[in-house]
Amino acid sequence: MITNSVTDIVENSVTHSVAPSITHSVAPSALELAALLKAKKISVAEVLDHYFGAIEKTDPHLNSFLALAKESALAQAKIVQEKLNLNETLSSLAGVPIAIKDNISTQGIKTACASKMLDGYVPVYDASVVTKLKQAGMIVIGKLNMDEFAMGGSSETGIGGPVHNPWDLSRVAGGSSGGSAAAVAARLVPLALGSDTGGSIRQPCSFCGITGIKPTYGAVSRYGLIAYASSLDQIGPMGVNIDDCAALLKIISGPCEKDSTWVLDKPFDFKESQPNRLDGVKIGLPINYFADGIDKEVAESVLRAAKEFENAGATICEFEMPLLDYVIPTYYIIACAEASSNLSRYDGLKYGHLSKNANTLDEIYRLSRSEGFGIETKRRIMLGSFVLSSGYYEAYYQKALKARALLKKAYDQLFEQYNFIISPVAPTSAYRHGENITDPLKMYIADLYTVGANLAGLPAVSLPCGFDSEGLPLGFQLCGNAFKEADLIMASRVYQARTGHHLKKPEVDF
Amino acid sequence: MSKTAWETVIGLEVHAELLTGSKIFCSCATSFGDAPNTLVCPICSGMPGTLPKLNQSVVEYAIRLGLVLNCEITKNCKFDRKNYFYPDLPKAYQVSQLYSPICRNGYLEIETEAGQKIIRISEIHMEEDAGKLIHDKRDGTLMDFNRCGTPLLEIVTEPDFENEVEVLDFLEKMREILVYLNICDGKMQEGSLRCDINLSVKKEGAELGVRTEMKNLNSFKAVARAIGDEALRQTQILSRGGFIVQETRRWDDDNGLSYAMRSKENAQDYRYFPEPDLLPLNISEAWLSEIKKSLPELAHEKRSRYQNDHGITPKDTFALTEDKSLADLFDDVIKNGADPQESAHLICGEIKRLLNTAGLAPKELRIDAKKLAQLVNLVIKGEINRSAYKETVEAVFNFDVCPLEYIETKGLRMQNDDNLIKKAAAYVLEENPGAVSDYRSGKDKALGFLIGQTMKELKGTGNPGAVKKVLLDYFEA
């Protein structure tokens, strides 16, 4: 009965205010798709068929998926379709497919953090966010590639091989949520969940030209997120525009009894308003972010975005970001310390990689872990073990905690003056595969603009703001005060309503 | 070597498993002796991505103990991770408290030959227990995670003990407190109460010596033996001019000796750091005073109340408080208006005897205190005699009968009616002329026989005093 393809319907029913220039095919946003499903213009099964087809056709070039969950997706689709047929209200995204980063536990679906160490591990439980997605009638279709254990910014370090940027296959998709960004950018899935410990949602969004939100620490339950750095990790939405991301954030931000660091007393509720102006809004611009090391085109695109906010009525206030020299060392000390402890449980005894060469208990630990972890993961485990060891704890870890507290205080003061801070996401656009992987320091420094929000627990969005001369997407970051997601989303809506950067899609007919 | 004597210096680390019913960070039940890996969930088995959720009862229990041991309560205490690799620890870290334990700077008084002595408690912290490894000859080493996440309190003392007598008195008192607070069952054999010993020896007046830590002590007896043995071992080494290695030793109670497990050089670096998955606690003043108010009366407090307010003998006060269930029963009985001394005799005597006969532990005792109070009052008022009392207590113990009904049905009410007694006595005197003449000829023993016969005639319900009086009246008439 319902025989139209998704793209046909959308082409007939949706008109874009800004015509996409790089468009090959038009795919709907997640909310548009949900509206079509609700109106029964298309079935959940047809939607799944479309996306699984697109993945089959395109993903061999991108390598964004690590696992597909066709069977469970079809089973869930059936249940959701029945509810839709009965006009049951599930959520604003009922029936919409979603893919999940490989470090978020999905019951019955392999979850390996893209690591050999967890190869073959199938969780016996769903992460709280996954439970919420299912309750909202969303359909989990698969697991997305990433840097091993979310440690990296290029999605090249995982066991599944590198993710390719849909805008230029010779380039990285960013990381660590690179699979999530590439899949959404290539319209292989309307929405994805990523996780952000030091920029792992925002930077790949920027590299792939999509929108993402790193929520306030404590806004989204971490239960079931396989920990990299517990005090910094947050799960967040990645999509093609801010409205889709906001709708998804609303769903995953609901209460969770299982996470003691979850602090919202109820889920977010974002108003549907569509303001066009930001009169009276003050936006801080940290000028020292634009000094050494930043690509000129990146800097210019961010300044243009700031100008756009000014055009919308906001005031741009330049300031010097304090403590900038301490941000990277503080982040890497804390993140690695927590990681060294979080990753200690992987020994192959209960699940994951167990060395065939191990004969003693000591060898089980030593060999299984040596064989199972990749080089970047080992580097961070060693760094973290070192800074926590007796005699160094005070010199490194404790100092890092103090620096973190100072940084938090500095942000508190900044948000007394500004509603938002606008900044670059990364110093460059997507680089070529292998370009940074051998130079860890260079890669660590590239996190300079993003890790501050994690250390201070603040929300930040990453929004597309144009393309560089090589045709690669560029993004900028808007950071807000804790739990001011609604304000951030409102400002992002204003920006996206005034610009069309987020509507541009990569050519994916490889 | 100088001739001054060697002194032993001992400090303790006591681990108490808590009776919270569920584990410290998940809702799995805690218990002992269940089939392996049946009390586990993704959280306590450390599956990737799981997070701890603190059981508030653990905090409450820690505060209860801290208050009783005169500790300062750390209102913003935090948890830390203690990292080490071992298969019984599925997360490869134990959530514990190093930097900011919940209780600090307390003390407990013990009795020594020289009088009372203060043992300082440096801290009490909350932590999770590890699982168990089962070494099997055929199957190799097996893991049982049932115990993973069982809540523990670790009580750390200052090195204030000089010998095993002091240590044992401390442990007895600690056990009694834990049991009376109803936070730990105090069973050393089952491992719910464990104790590690830090011991060093030194010459009188000298600085503290190098200490060793002794583990695997599963009974009070083992503690005493291990202290004696280790003090002797260290003294002998030092007397020969040798030196003590700082190390952890394992006590082998079967062979009565210890052996080294690991030296300080090989000691693990636990890389403690604050547990990021748990927020610092915020113990409110209101909660604290609520807990303070709810603290039960402890054994030593009960003993002095029994002695001072109720005139119970010291021996009986100890017999009553030896087990909390007996003390509770005593309190219930006297609350129901029974005479305290008579009640104490009843519980320390007849009730204990009945428990022994039935093979029951005091805490398994289910007996209606109201009924016992009623019986105590009946015997005191002389409405039943001792043998009827004993018989009815037994019937209440075994069959939960209604005492009054039982007494009436069995005709056990004491016979104070002089006429009835006189009638019975007259009959006995007539039937036993031999005994009568024996008594008259000075054989006092015969009176006992005649009283017995009269009582028998009265079916045991006679008031022995009244019977005696009636008979004496007859002879003196």
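Reader: What radius of gyration does chain A have, next to that of a compact globule with its 510 residues?
Author: This is a predicted model, in which local features need pLDDT of at least 70, side-chain atom pairs count only at pLDDT 80 or more, and totals for chains, interfaces and linings use all residues. Residues are numbered from 1 along each chain as its sequence is written, while chains are lettered from A and ligands numbered from 1 in the order in which they are written. The globule rule, 2.2 Å times the number of residues to the power 0.38, with the radius taken over C-alpha atoms, puts a compact globule near 24 Å. Chain A agrees with that expectation, because its radius of gyration is 22 Å.

Reader: Which helix of chain A gives the most residues to the side that touches chain B?
Author: The contact, counted where C-beta atoms placed from the backbone lie within 7 Å, takes 31 residues from chain A and 25 residues from chain B. Two elements of chain A, helix H10 (324–342) and helix H12 (375–388), give two or more residues to this side; helices here are DSSP runs of H or I with at least four residues, strands are runs of E with at least two, and both are numbered from the N terminus. The most, three residues, comes from H10(A).

Reader: Which are the edge strands of the open sheet in chain B?
Author: Nine strands form this sheet with mixed pairing, in the order S2-S5-S6-S9-S1-S10-S11-S12-S13, where two strands pair if DSSP finds at least two bridges between them. Within the sheet, S5(B) (103–112) and S6(B) (115–128) run antiparallel and are joined by nine bridges, and Cys103(B) has Ile124(B) in S6(B) as its bridge partner. The strands that pair on one side only are S2(B) (72–73) and S13(B) (257–263).

Reader: What angle does the direction of helix H1 of chain B make with that of S6(B)?
Author: Helix H1 (residues 56–68) of chain B packs on the sheet, where it touches S2, S5, S6 and S9. Axes are lines fitted to C-alpha atoms, for helices over the stretch in contact, and angles run from 0 to 180 degrees between N-to-C directions. On that scale, the angle between H1(B) and S6(B) is about 170 degrees.

Reader: Against which helices do the buried residues of H9(B) pack?
Author: A residue is buried if 20 or more other C-beta atoms, placed from the backbone, lie within 10 Å of its own, and the buried residues of H9(B) include Leu372(B), Leu375(B) and Val379(B). Their packing partners in chain B are H7 (324–335), H8 (340–358), H10 (386–399) and H11 (403–410).

Terms used: Two residues are in contact if their C-beta atoms, placed from the backbone, lie within 7 Å. A residue is buried if 20 or more other C-beta atoms lie within 10 Å of its own, exposed if 12 or fewer, and partly exposed in between; C-beta atoms are placed from the backbone.
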